[in-house]
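Colleague: Please take one part of this structure and go through it closely with me. I am in my first year, so keep the steps small.

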6 protein chains.
Amino acid sequence: MSRHRVVTGTPRTDPDVVRGLGELGVATVHEAQGRTGLMHARLRPVYRPARVAGTALTCEVAPGDNAMLHVAVEQARPGDLLVVTPTSPCTDGYFGELLAVSLRAHGVVGLVIDAGVRDTAGLTSMRFPVWSAAVSAQGTVKETAGNVQVPVVCAGQLVRPGDVVLADDDGVVVVARADAPAVLVAARQREERERASLERLAAGALSLDSLGLREKLAGRGLVYEEYGAEPLDRTGAGETA
Amino acid sequence: MSRHRVVTGTPRTDPDVVRGLGELGVATVHEAQGRTGLMHARLRPVYRPARVAGTALTCEVAPGDNAMLHVAVEQARPGDLLVVTPTSPCTDGYFGELLAVSLRAHGVVGLVIDAGVRDTAGLTSMRFPVWSAAVSAQGTVKETAGNVQVPVVCAGQLVRPGDVVLADDDGVVVVARADAPAVLVAARQREERERASLERLAAGALSLDSLGLREKLAGRGLVYEEYGAEPLDRTGAGETA
Amino acid sequence: MSRHRVVTGTPRTDPDVVRGLGELGVATVHEAQGRTGLMHARLRPVYRPARVAGTALTCEVAPGDNAMLHVAVEQARPGDLLVVTPTSPCTDGYFGELLAVSLRAHGVVGLVIDAGVRDTAGLTSMRFPVWSAAVSAQGTVKETAGNVQVPVVCAGQLVRPGDVVLADDDGVVVVARADAPAVLVAARQREERERASLERLAAGALSLDSLGLREKLAGRGLVYEEYGAEPLDRTGAGETA
Amino acid sequence: MSRHRVVTGTPRTDPDVVRGLGELGVATVHEAQGRTGLMHARLRPVYRPARVAGTALTCEVAPGDNAMLHVAVEQARPGDLLVVTPTSPCTDGYFGELLAVSLRAHGVVGLVIDAGVRDTAGLTSMRFPVWSAAVSAQGTVKETAGNVQVPVVCAGQLVRPGDVVLADDDGVVVVARADAPAVLVAARQREERERASLERLAAGALSLDSLGLREKLAGRGLVYEEYGAEPLDRTGAGETA
Amino acid sequence: MSRHRVVTGTPRTDPDVVRGLGELGVATVHEAQGRTGLMHARLRPVYRPARVAGTALTCEVAPGDNAMLHVAVEQARPGDLLVVTPTSPCTDGYFGELLAVSLRAHGVVGLVIDAGVRDTAGLTSMRFPVWSAAVSAQGTVKETAGNVQVPVVCAGQLVRPGDVVLADDDGVVVVARADAPAVLVAARQREERERASLERLAAGALSLDSLGLREKLAGRGLVYEEYGAEPLDRTGAGETA
Amino acid sequence: MSRHRVVTGTPRTDPDVVRGLGELGVATVHEAQGRTGLMHARLRPVYRPARVAGTALTCEVAPGDNAMLHVAVEQARPGDLLVVTPTSPCTDGYFGELLAVSLRAHGVVGLVIDAGVRDTAGLTSMRFPVWSAAVSAQGTVKETAGNVQVPVVCAGQLVRPGDVVLADDDGVVVVARADAPAVLVAARQREERERASLERLAAGALSLDSLGLREKLAGRGLVYEEYGAEPLDRTGAGETA
């Protein structure tokens, strides 16, 4: 039950769909697929601004052990984005400039890791985009087998080989391979609607009206009161002795 | 006891006082009012450097629900700064570019939120200053009533509508409306004293002397010893085997 | 047993060795001394990029009390780097622009503190490099004696007066004074090896081969499987109903 | 603006109301006053089960300094519950057996502190109920003035002298003095309704029906599907290769 | 893409297998399936000791909204264990005595929730076993649709309806339905081996020998040195001035 | 510089002194040695009440790797207490019932570990006292060399082989071997003074007087005011509109 595996020949999402999603923001895509797929907010970019989309090259590692990252490089295909998850929480620096150079040589476009990275000055200089849970110079060993290109849970989301992973300054979202074309269509529509809203709001329109919130909230008990008229302040700040 | 309310017509601090405080730093103002009013350090600016002062437009929201932010926009007056607190801890992205554009259209100068925000690349581009407890693309619903322009506790501090909120790279401080003119005077005096100190210290003077610490600490048991003379090291590091 | 002390005349690491280490990165030096000496990753630079090396001027302070920092300034020698540790966890702003100006006037090259700092905009402007566990405008008192130039534990590492402290965007590492010359030699060798590796990897070589990982991991049970051939997925994601 | 004060002669909530609230649970009272007043969940009881209600004797302390707790004892009246908040986050052990014995001698019924305590074995033996944010043997100094019997923010809630503080295994809730009689009535009603619900639910009734959720959620898009019929699983787990 | 669903008629693991796993510990079962399936250690039991195994009844909820728990009750079958995960981090008290009574009436054996619960004194009295990420009296609303009996990620692990969930004082582990019979066999074998080891170790045997670690670690550079003979201590503590 | 070592023949503190310290509490001993030596409050006992003192048997381990614990057992002498620190933060379960049985067979009296443990029900049953930073069933590998019986930093404190480690419900304190006899004397004196204080305080005496705090705090600006007389409340809660 605990064989460690490297799965080869896994399918990947159509590059045109990946490219299309890469032109949109994480928040937009997350909304377009029904507010799903967002990784935990502990994943932060090493430098900002940054934005990238790629097909997931998944990798599961032991705590403090980056042996499997070296295995993953060989499985990389151009357009892949490496997704690394440790089997238990770890902030060590699994990844640095050497691995970034190696991944780039094999066409990998970025890294998402629910653990630590190092050489952040170098990663920033070479503009290799990385989202990580920590920055730490702590080195790792290369002793333990893990898994490459199997479904993994990374920062709270299931990621399968070939899924689209999109990351920007707001965080990281996963789009399942089978859903990606439809999500792209929905996300583009959403972006267009947002652009129209933006113009109206910039001109002073109230979203309270356009969203129909005035009635809804009144129906849920929201009242308006003139200042000074309130008899009792529930935080007590207006109470007189 | 749990009516949700929007209080209208709340008074605001004199704009000249707000402007004056906005020229000073958070640390200076916090000191000038007796080391009070500082929000928790988990609030961090979305981009740096940033500095802004405004009159508090307060808003209390349910976790994962930003309906009341849309209500708050209507209550905004030029020079306001939106202060948002969730009723329980939440890192979701309550606020993004659309709301920023809308607030700016109504003269609001910034946002302080003890929760998450998103569209951080956009907020940075448009230079809308935001201090938040988290960055997360996670969307919110619009279902639950809350409160606008009532006294709230945000990141550990009581904020009342119309109070001054001052934020910079160091964090966020609240100055009560009634205290603001006096705090401004005290803060300006402090800043002048600091400028004078700065010159003396840059010239090599010791604050140990100017602060009278030499005698005070001697009185509290501080001794000077030559290296190598110490018989026993309480961390044990000097102990011989 | 609890005398508070300032130890004078402590020895310092040879400036040439410090300078040499300062040209290398934290990750490299940490590896070169056997993956030891790294402070906890909660210490982050106030601005990036930043890199500095200095001889430790150690200082132990009470929570919320920075009296001993003023004592430390007098003990500073050019090339020192101030290392501050509180006796219990504290995020208050112990340090700001005034102390930075004062330290710089005495030749101190930077600060590492397992607590908070403030005036971060000022520190950034004057390019005084600081690594801290927090940013907070919260002021401190000056009431309690502590220790200067005694061995301290800072962010999980023992630091003794005169040890080398090296800090960059990845974190902070301590090199014991007696070890520093040998660590410098080892770190330079490592850097050279890394430069050679970098070239090979940029050309597409696989570290899997150069590190001999292929056989090692096979011996620890790693197998390769063609996609679609796997009968059972341990995350269950491939299981059919 | 930063005078430190002890306010004497502050009013307290009617003891009968306090006693009444003390017979109810924190969750019930929190609900009865509109889901307000709950302190942050980081406050945990030193031993369980525990339940107590008292009138707030408020105390604001410096980090690592418990001088003001000794001041607070003198202000205690029978039925008070000591509420302590530090001016910045601190986990030190402000309070132990000696102060517990002293408080009990003056009729104080418990302690709520957004910081640390020690002597927890002793506190448990003598059954003095304490809710704290930490347990730590770390001692504190007695150097800095603070405030007693002024309004404070403790663990995110405004507490004013004489308010009711109710604590049990679930946490701590504050009831404003002026609201307390009405909250007691509402809470008792709520408890009765809950007792009735409990019986129905124990008999197998579905809250889905009694709460009218079936229609509400259908209206918000909830659908029922037979297993095996779903064409696409958004977590991807049902997707075929 | 964001339809919210209740899936009916999902298969469950064979009750005999569930019962068998329930007689073993979480650590044993986790090891027996190759150190996989363990939920994050933030999930802690409300009372100890506690141990339970059941078939997963999965439920995905919005932050601060427990509407879907009421929906889940109707889907419960005897032997189920409710597994609840919020769509973003939330510590609110989603669950209390009423829902526990209701679940028990439908044969549910326990709850695992990556969020908060309340009425912990009541849950303890009625011995309804609960593992949660927080205890909080904070109430929730009932406004938003979610999912029941779909695959979810809970505390870092994929859980599918009908999988076995086993929880004890050490935490919570998931066993995929298809794997469960084989895991049970392996876990029983492991337990037997451990019992034999226990006897040998109790008699003073060294695991260093039985595990063959002596040679392995020597091969990886471990040396034995007599105290006092070491010339240099890498923590520096043995260094002479 | 990174040789991994087991140091044999290290000296230990006199057993009578250890026994003496074991009769006192952690808080008392920590105070008696000048508020030093206390480990971080994240270390908590697996069961309460618990109290133990022993001579430190130190062990430094890699993250997720417990090989060195097996090495440590062989170095154990009756009266030792095992102190384990990982080289980087890790919450895995390094230690369970098997190792506890083995340690007990060699006379070891307890465990302090700045990482995770498992089999907590078993450890509780057999009353083997453990203080840990986490509880987790996550297994570890046995691949990497570390150090035994060298000076280590554990939870923020330097511990050297043979030092006294004392742990109770409040936490863990280290007493250096050379200091131990004097600390024992001081701690016993302190305990006696506390017993006397306890009696006075139980009779209603005010520590405010016995500690001379009344004058000290008055000198630092503390004033007493009658309720209702205060013109301005710095938290603003008393301000009138």
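Modeller: Let us start where chain B meets chain D. Together they bury about 1,100 Å². Carbon and sulfur atoms account for 70% of that area. Keep in mind that this is a predicted model. Why quote an area at all? The size of an interface is often given as the accessible area lost when the parts come together.

Now count residues. Chain B puts 16 residues into this contact, and chain D also puts in 16. Next come the charged pairs. Two salt bridges are counted between chain B and chain D. Look at B:Arg220 and D:Glu143, which form a salt bridge. Their closest N and O atoms are 3.5 Å apart. The cut-off is 4 Å, so a pair at 3.5 Å passes. Polar contacts are counted as well, with both residues at pLDDT 80 or more. Between chain B and chain D there is one such residue pair.

Which helix of chain B gives the most to the side that touches chain D? The answer is helix H6 of chain B, residues 180–202, with three residues. Sort the side of chain B that touches chain D by class and you get eight nonpolar, five polar and three charged residues.

Next, symmetry. Turn chain B by 180 degrees, with 0.0 Å of shift along the axis, and chain B lies on chain D with an RMSD of 0.0 Å. The two copies are therefore related as by a two-fold rotation axis. Both copies use the same surface, since 100% of the contact residues of chain B recur in chain D. Which residue of chain B comes closest to that rotation axis? B:Gly156 does, with its C-alpha at 2.6 Å.

Stay with helix H6 of chain B for a moment. B:Arg190 and B:Glu31 meet through their side chains in a salt bridge, at 3.9 Å from N to O. B:Arg190 lies in helix H6 of chain B and B:Glu31 in helix H2 of chain B (residues 26–32), so the pair ties together parts that are 159 residues apart in sequence. Over all chains, the structure holds 90 salt bridges.

Chain B also touches chain C. Here the buried area is about 3,700 Å². Carbon and sulfur atoms give 54% of that. Chain C brings 46 residues to the contact, and chain B brings 41. How many salt bridges cross between chain C and chain B? The rule finds six. Take the side chains of C:Glu143 and B:Lys216, which meet in a salt bridge at 3.4 Å from N to O. Polar contacts across this interface come to 20 residue pairs, both residues being at pLDDT 80 or more.

On the side of chain C that touches chain B, four elements give two or more residues each: strand S1 (4–8), helix H3 (67–75), helix H4 (97–105) and helix H5 (120–125) of chain C. Helix H3 of chain C gives the most, with seven residues. By class, that side of chain C has 19 nonpolar, 16 polar and 11 charged residues.

Strands meet here too. Strand S12 of chain B (residues 222–226) is joined to strand S1 of chain C by five bridges. Do the two strands run parallel or antiparallel? They run parallel. For a place to look, find B:Glu226, which stands opposite C:Thr8 in strand S1 of chain C.

What turn lays chain C on chain B? It is a turn of 120 degrees, with a shift of 0.0 Å along the axis and an RMSD of 0.0 Å. So these two copies are related as by a three-fold rotation axis.

Two backbone details finish the tour. B:Arg48 and B:Pro49 are joined by a cis peptide bond, with omega about -10 degrees. B:Pro49 sits in the loop between strand S2 (44–45) and strand S3 (52–61) of chain B. In chain C, look at C:Arg127. Its phi is near 55 degrees, a positive value in a residue other than glycine. C:Arg127 lies in the loop between helix H5 and strand S6 (130–135) of chain C.

Methods: Residues are numbered from 1 along each chain as its sequence is written. Chains are lettered from A and ligands numbered from 1 in the order in which they are written. Side-chain values use heavy atoms; hydrogens and water are left out. Contact means heavy atoms within 4.5 Å. Buried area is the accessible area (1.4 Å probe) that two parts lose on being put together, summed over both. A polar contact is a pair of N or O atoms within 3.5 Å; within protein, one must be able to donate a hydrogen and the other to accept it, and residues adjacent in sequence count only if both atoms are side-chain atoms. Ala, Val, Leu, Ile, Met, Phe, Trp, Tyr, Cys and Pro count as nonpolar, Asp, Glu, Lys and Arg as charged, and the others, Gly among them, as polar. Two strands pair if DSSP finds at least two bridges between them. Copies are superposed by least squares on the C-alpha atoms of residues with pLDDT of at least 70 in both.
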